[in-house]
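Please open the model in a viewer and keep the selection panel at hand. The tour below proceeds stop by stop, stating at each one what to select and what is found there.

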Amino acid sequence: MTYILSDIHGEYELFCRLMEKVKFSDEDTLISCGDMIEKGKHSVLLAKLLFSMKNAVLLAGNHEYDFLKYYWSLMRQTDDYDFVLRKLQEYFPDDGALLDWETVDRMEALPYFYEAEDFICVHAGVPLDGEGRILPLKDASPEQLVYDRSFKDQNVLPKDGECVFFGHTTSMSLGTGTQITCYLREGKRGYHVRDYYKVHLDTGAWMSGVLGCFRVEDCRSFYVEK
Ligand SMILES: [Mn+2]
């Protein structure tokens, strides 16, 4: 089975409980649409766990991108790598001491989108043309993909056949409670992932205490709560 989620934001325990709830196994695939770090207390612990999972596809969100921009600015200032690592550890006030170079390198190698046959995963949004068709993601900038502020709007519905999975904006600020919100195409019943225009995954776990994931095969959502 394939499970997709987003915006875990350092909520290590909630994530572990969610994986237990869905009985996540080596035969399953996990896709995380970015913002694994910051806000919650266990950013680095969670990042290391995700990076250790062989069957996980991990994307960068704006929080990873901002971290990398800070890293790149430090690297331009000095070639004292011990100093750089210390500053990067201070970036995470709660568990920064766990940060090592391998985790930094893995963070830097994160892709900004993932395309499967029936769906696309991205942190904030995909670029659309005037007709609502999805523009080639390989031509989009990281900034476009991690900071997009309009794709979340309820009237923005990509016309192509693939479903777009995204997070970035909490469901509370969108007025959709603490649910994963699926935007169903007209005349479709919702049994297949292509029946949806897009699926908004961010239930604001760090704030609401609710973390959810979406299972692609049967279009079911699962939640755990603090
Ligand atoms: Mn975000």
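Select His63, Glu64, Tyr65 and Phe67, which are the buried residues of helix 3. The model is a predicted one. Now extend the selection to the whole of helix 3, residues 62-77. Its 16 residues reach 23 Å from the first C-alpha to the last, close to the 22 Å expected at 1.5 Å a residue. To see what the buried residues of helix 3 pack against, add helix 5 (101-108) and helix 6 (142-147).

**Helix 2**

Keep helix 5 displayed, and select helix 2, residues 43-52. Ser43, Val44, Leu46 and Ala47 are its buried residues. These residues lie on the same side of helix 2, because the arc they cover around the axis is only 160 degrees. Which helices belong to the cover over the buried residues of helix 2? That cover includes helix 1 and helix 5.

**Helix 1 and the sheet of strands 3-2-1-9-10**

Select helix 1, residues 12-21, together with strand 9 (210-215) and strand 10. Helix 1 lies across both strands and runs at about 135 degrees to strand 10.

Next, display the complete sheet to which strands 9 and 10 belong. Five strands make up this open sheet, in the order 3-2-1-9-10, with mixed pairing. At its edges stand strand 3 (56-58) and strand 10 (220-225). Each of these has a single partner strand, so one side of each is left without a neighbour in the sheet. From one strand to the next, the twist averages 20 degrees.

Within this sheet, select strand 1 (residues 2-5) and strand 2 (residues 29-32), which pair in the parallel sense over 4 bridges. Label tyrosine 3 and, opposite this residue in strand 2, leucine 30.

**Two histidines with positive phi**

From strand 1, proceed along the chain into the loop that leads to helix 1, and select histidine 9 there. Its phi is about 45 degrees, a positive value, although the residue is not a glycine. Most residues other than glycine have a negative phi. Is histidine 9 buried or exposed? Histidine 9 counts as buried, because 26 other C-beta atoms lie within 10 Å, and the cut-off for burial is 20 or more.

Then select histidine 168, in the loop between strand 6 (163-166) and helix 7 (171-174). Here too phi is positive in a residue other than glycine, with a value near 85 degrees. Histidine 168 is buried, having 26 C-beta neighbours inside 10 Å.

**The sheet of strands 4-5-6-8-7**

Strand 6 leads to another open sheet, whose 5 strands stand in the order 4-5-6-8-7 with mixed pairing. Color strand 4 (113-115) and strand 7 (181-184), which occupy the edges. Since each has a single partner strand, one side of each is left without a neighbour in the sheet. The twist in this sheet averages 10 degrees from one strand to the next.

At the strand 4 edge, select strand 5 (residues 119-122) as well; strands 4 and 5 pair in the antiparallel sense over 3 bridges. Tyrosine 114 has cysteine 121 of strand 5 as its bridge partner.

**Histidine 200**

Move to strand 8, residues 196-200, and select histidine 200. This residue is buried, with 25 other C-beta atoms within 10 Å. Which residues does histidine 200 touch, leaving aside those up to four places away in sequence? They are Lys152, Phe166, Ser171, Leu174, Ile180 and Thr181. Draw a distance between the C-alpha atoms of histidine 200 and isoleucine 180: the two are 5.7 Å apart in space and 20 residues apart in sequence.

**The whole chain**

Finally, clear the selection and show the entire protein chain, which has 8 helices and 10 strands. Its radius of gyration is 17 Å, close to the 17 Å that the globule rule gives for 226 residues, so the chain is as compact as a globular protein of that length. Along the principal axes, the C-alpha atoms fill a box of roughly 60 × 40 × 35 Å. Of the 226 residues, 36% count as buried. Among contacts between residues at least 6 apart in sequence, 72% join residues at least 24 apart.

Terms used
Residues are numbered from 1 along each chain as its sequence is written. This is a predicted model: local features need pLDDT of at least 70, side-chain atom pairs count only at pLDDT 80 or more; totals for chains, interfaces and linings use all residues. Two strands pair if DSSP finds at least two bridges between them. Axes are lines fitted to C-alpha atoms, for helices over the stretch in contact, and angles run from 0 to 180 degrees between N-to-C directions. Two residues are in contact if their C-beta atoms, placed from the backbone, lie within 7 Å. The radius of gyration is taken over C-alpha atoms; the globule rule is 2.2 Å times the number of residues to the power 0.38. A residue is buried if 20 or more other C-beta atoms lie within 10 Å of its own, exposed if 12 or fewer, and partly exposed in between; C-beta atoms are placed from the backbone. The expected span of a helix is 1.5 Å times one less than its number of residues. The arc is that of the directions from the helix axis to the C-beta atoms.
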